[in-house]
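This report looks at how strands pair in one protein model and at the surroundings of one residue. Have the sequence and the 3D view at hand while reading.

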Amino acid sequence: LSSSSNSNPYKQNLTKLATRATNVARDLDPNDDLRILRIKTGRKEVIVSHEKDFIVIVLQEWKPKSDE
């Protein structure tokens, strides 16, 4: 996940997704604002913090606990 060649598609797509999610939150309640968007898949977790002047994207791999 740390490879810079992999980061650009994440940046482009997650920026668009965070902007759309922010718009949906405002459509539902104009006094509310989306602060953090968290997406968890089977192997990865993405956390996006979308602020006025910047966006922070955290990508991490995770493994579910085994039932041992």
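The text below describes strand pairing and then one residue in a strand. The model is predicted.

**Strands**

Strand β1 covers residues 36–40 and strand β2 covers residues 44–50. The two strands run antiparallel and are joined by five bridges. Within this pairing, I39 stands opposite V46 of β2. The connection from β1 to β2 is a hairpin of three residues.

Strand β2 also pairs with strand β3, which spans residues 55–61. This pairing is antiparallel too, with seven bridges. One of the partnered positions is S49, whose bridge partner in β3 is V56. Four residues lie between β2 and β3, and the two strands form a hairpin.

**Residue E45**

E45 is part of strand β2. Is E45 buried or exposed? E45 counts as buried because its relative accessible area is 6%, and the cut-off for buried is under 20%.

The side chain of E45 makes polar contacts with two side chains, those of R38 and Q60. The table gives the distances.

| Side chain | Polar contact partner | Distance |
|---|---|---|
| E45 | side chain of R38 | 2.3 Å |
| E45 | side chain of Q60 | 2.5 Å |

Leaving out residues up to four places away in sequence, E45 touches R38, I39 and K40, and also V58, L59, Q60 and W62. R38 and Q60 thus appear both among the residues that E45 touches and as its polar contact partners.

Conventions: Residues numbered from 1 in each chain as written. Predicted model: local features only at pLDDT ≥ 70, side-chain atom pairs only at ≥ 80, totals over all residues. Heavy atoms only, no water. Pairing = 2+ DSSP bridges. Buried < 20%, exposed > 50% of the residue type's maximum accessible area, 1.4 Å probe, protein only. Polar contact = N/O pair within 3.5 Å; in protein donor to acceptor, adjacent residues only side chain to side chain. Contact = heavy atoms within 4.5 Å.
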